[in-house]
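Biologist: Please walk me through some ring contacts and one strand pairing in this model.

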Amino acid sequence: LFYGRNVRRVQIHSIGPMNEQDAGFPEGPAVGPAQYARLITMLSARLDALGMSDIRIVVPETGGFVPAYIQGLFPNIEVMSKVDHYTHHSYDGSAFGIDDFLKVSPYPRLNLWITEWSTSAYGWLDFPTIGNNEGPEASDQWGFATQMTVNLFSLLDQKAVGAFAWEGSDSRQRHHGNRLLRWGLLRYDEPTGVYTPRKRFYTNAQVFKFVPPGSVRINATTTNPNLRVYAFHHAGSGRVTIVGQNRAASVQTVSGALNNVTIPALMEFYQTTSTLNLARGADLPVNNSRFSGQVAANSFFTFTSPSAPVAPTITTHPSNQTVVEGQPATFSVVATGTAPLSYQWQKNGVNIAGAALASYTTPATTMADNGALFRCVVTNVAGSATSNPATLTVTAAPVAPTITTHPSNQTVVE
């Protein structure tokens, strides 16, 4: 981590140090709850010692719901101050009541991230193998895509606020015999190096493409038992997005009413079926807060209002840092706004060459750096925002003892 951030200038926000330690080999080392708590505590202390206390810790990253893995950390307030989410893996759409567990825990502010999500309804794509070199393809690509997105909807119903697809693209898994596994949203062809979207890419893009980070889920109801709908609102842009599934074998009419949100002039319409991939239909006009359109049979659909670019907003300003002379200091900033965001760090109001990430690590400090002010200017197409300045305090390095007056020989009379 230190090398990645300070030498390679990699932007590092969070770290999940273990994977499915409740399952053990081959997913990760088998570690019990008590040992896990000790290891995470040691990691937290080490991050502090390296000047990287801003890095968030992702826990517990389990395959099953084993509360003891996080309960062992509850007494450590310092460690828990670095934890924002309870993280879990799910391949069947179940969140095991984790949100209810968190709400009555000592840290009800925690929410649920599903850091591995897919479907095992079509078997585990790790086995069997093809020529002992790669895993199999799902036997039914549309069925796999449908179930994976339905599982996402189920996790939303259980109060998950984030989900990470397993996995973005096919990859070789050393812990499964270095086989090329076929879980990816994108299929990878090794001989040509070409990535091709699978159907599951498009069904899930009906959500991810139109629900920007920072969106809040809002109430959505339907009286049509064939439809499943979810709605999101992005305060910064005013964007309203409705995503859903038509489970019927026939076209269905969706007539919607928007309440207590910014009312757009129209709603863009996109849908994915077994033969359509994120296909854009005709825009739907919004009149008196109402709109209406038809969605294809057995489809996933999205209605979304056009959004204007949103200027950056600093949500977490850099904090003051104190280091010993000769040690580097790291400053970080968190901002929202329409991507892409660009970053420029300044020292005492002057741009620092090459400091263009969300975090900046100084070279080895000297006493001349004591009292320097660091801030970051975040820019996008809609404008810019400047963080509050953070002060760098440099303390003198400890000096080893030096004997300035040695003991002298002494002569005395008996």
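The exchange below takes up aromatic pairs, then a hairpin.

Modeller: This is a predicted model, where local features need pLDDT of at least 70, side-chain atom pairs count only at pLDDT 80 or more, and totals for chains, interfaces and linings use all residues. Residues are numbered from 1 along each chain as its sequence is written, and side-chain values use heavy atoms, with hydrogens and water left out.

Biologist: How many aromatic pairs are there?

Modeller: Rings of Phe, Tyr and Trp (its six-membered ring) pair if their centres lie within 6.5 Å; planes under 30 degrees apart are stacked, over 60 edge-to-face, the rest tilted. By this rule the count is 24.

Biologist: Which class does the pair Tyr-36 and Tyr-69 fall in?

Modeller: The centres lie 5.5 Å apart. The planes meet at 85°, which makes the pair edge-to-face.

Biologist: And which class for Phe-74 and Tyr-107?

Modeller: Their ring centres are 5.4 Å apart. The planes are at 45°, so the pair is tilted.

Biologist: Is Tyr-107 buried or exposed?

Modeller: Buried means under 20% relative accessible area, exposed over 50%, partly exposed in between (1.4 Å probe, protein chains only). Tyr-107 has 12% relative accessibility, so Tyr-107 counts as buried.

Biologist: Which residue takes a positive phi in the hairpin of S24 and S25?

Modeller: Strands are DSSP runs of E, at least two residues, numbered from the N terminus; two strands pair if DSSP finds at least two bridges between them. S24 (residues 342–347) and S25 (residues 350–351) pair antiparallel over two bridges. Two residues lie between the strands, and the positive phi, near 50°, belongs to Asn-348.

Technical notes:
Helix = DSSP H or I, 4+ residues; strand = E, 2+ residues; numbered from the N terminus.
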